[in-house]
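Got the viewer open? Let's walk through this one stop by stop, selecting as we go.

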Amino acid sequence: RQLLDRNAPSLLNAAQQRWYGWDGASDSLWSQALRVMQEPREFAATPEQLHRLVKNDRELNCRRRQVFRGVDAMNPERTMVQMAQAIGAYVGTLQSPRTPFDDFRDALERGDRAAAARYPLDAQRGARLFVGRAGCALCHLGPLFTNGEFADIGIPFFVRPGVVDAGRHAGIAELNASRYNLLGPWSNVRDGEAAIKTRHVHAEHRHFGEFKVPSLRHVALTAPYMHDGSLATLAEVVRHYDRIDLERLHADGERILAPLYLSEGERADLVAFLRSLGETPIDTPRVVSRPCR
């Protein structure tokens with residue numbers, strides 16, 4: 001995080017997202033993977049380096065031929081894109097397991113009061129706050145607890161003296177300039193509908209300092225929090241919104257955020273609810289492969 005000035009987001013349920021990265025500079029899982037490959041502060045890899053890596057590794061080269069049958073591998077840029085597409089395909093399989101909240105929700109749906117009663121009372125109170133007075137569900141809604149869009153939540157965008165993270169505003173510019181977006185020559189979409197989001201996104205002044213609204217599923221496992229990792233605990237996150245500094249917000253139209261002035265008990269209830277969205281460690285899927293021939 002110190003190297004990149006941004007906190008690494010969760011990869012769970014990434015296949016259900018529309019934009020990738022805190023600034024949305026990628027419009028597909030594979031283009032996000034490719035972005036990391038090329039980033040000077042991360043892998044700093046060139047197409048030629050990646051091509052040599054695959055070409056000189058018998059197992060990798062064999063796997064590439066199996067997956068991308070009939071596709072010329074002599075082009076280094078094509079090899080790089082293929083590697084990114086393979087990583088994107090794997091990341092798309094990472095899905096969050098069921099949580100205590102899911103059990104509570106389903107119990108309510110089928111009218112099973114006994115099962116619903118097993119959901120902790122403090123989490124129940126927190127859930128009421130989340131969808132009610134606290135207004136969290138205005139942005140963190142739906143099965144993934146996110147609207148998938150971007151917002152200014154009052155976190156300073158000054159990284160350090162003289163350095164500003166413009167967030168979504170810069171992300172849109174990078175997306176539009178990329179030859180690896182869904183409108184570019186390496187796009188693997190089969191119809192124009194899949195790329196309509198990229199075709200119609202344009203940077204506006206309001207996007208400056210906006211960052212992606214993250215999914216809250218298994219949020220208890222993803223500390224630290226915010227795009228810059230500046231808050232260490234869920235309690236600090238709740239406190240941030242409870243006493244949010246309106247002077248740090250810029251609004252374009254209706255303002256959504258405002259100080260909540262919750263009691264200490266209410267803040268604790270919100271944290272209990274957030275923990276009920278998943279706090280059990282998740283096992284990485286095992287990949288079982290046979291020798292490549």
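Select Arg275: it counts as partly exposed because its relative accessible area is 36%, where buried means under 20%, exposed over 50% and partly exposed in between (1.4 Å probe, protein chains only). Add Glu279, also partly exposed at 42%. The side chains of Arg275 and Glu279 meet in a salt bridge, 3.2 Å from N to O; that term stands for a side-chain nitrogen of Lys or Arg within 4 Å of a carboxyl oxygen of Asp or Glu.

A word on what you're looking at: this is a predicted model, where local features need pLDDT of at least 70, side-chain atom pairs count only at pLDDT 80 or more, and totals for chains, interfaces and linings use all residues. Residues are numbered from 1 along each chain as its sequence is written, and side-chain values use heavy atoms, with hydrogens and water left out.

Next, select helix α11, residues 264-275. Helices here are DSSP runs (H or I, at least four residues), numbered from the N terminus. At 1.5 Å a residue, the 12 residues of α11 should span 16 Å, and the end C-alpha atoms are 17 Å apart, which agrees; the expected span is 1.5 Å times one less than the number of residues. Buried residues in α11 include Leu270, Val271 and Phe273. Show α5 (100-110), α7 (121-131) and α10 (234-242) too, as they are among what covers the buried residues of α11.

Stay on α11 and pick Asp269, which counts as buried because its relative accessibility is 9%. Which side chain does Asp269 meet in a salt bridge? Arg125, at 2.9 Å from N to O. This pair links distant parts of the chain, with Arg125 in α7 and Asp269 in α11, 144 residues apart. Arg125 itself is partly exposed, at 40%.

Now try Arg110 and Asp112, another salt bridge, with the closest N and O atoms 3.5 Å apart. Arg110 is exposed at 54%, while Asp112 is partly exposed at 28%.

For a bigger group, select Arg98, Asp102, Asp103, Arg105, Asp106 and Arg217, which are linked in a network of salt bridges. The structure holds 21 salt bridges.

Last stop: select Leu60, Gln82, Met83, Ala86 and Ile87. Of the 17 residues lining the second largest pocket, these lie nearest its centre. A pocket is an open set of points on a 1 Å grid over the protein atoms alone, where a 1.4 Å probe fits, with protein on both sides within 12 Å along at least five of seven lines; lining residues have an atom within 4 Å of a point. Helix α4 (76-91) gives the most to this lining, with 6 residues.

Terms used:
Helix = DSSP H or I, 4+ residues; strand = E, 2+ residues; numbered from the N terminus. Contact = heavy atoms within 4.5 Å.
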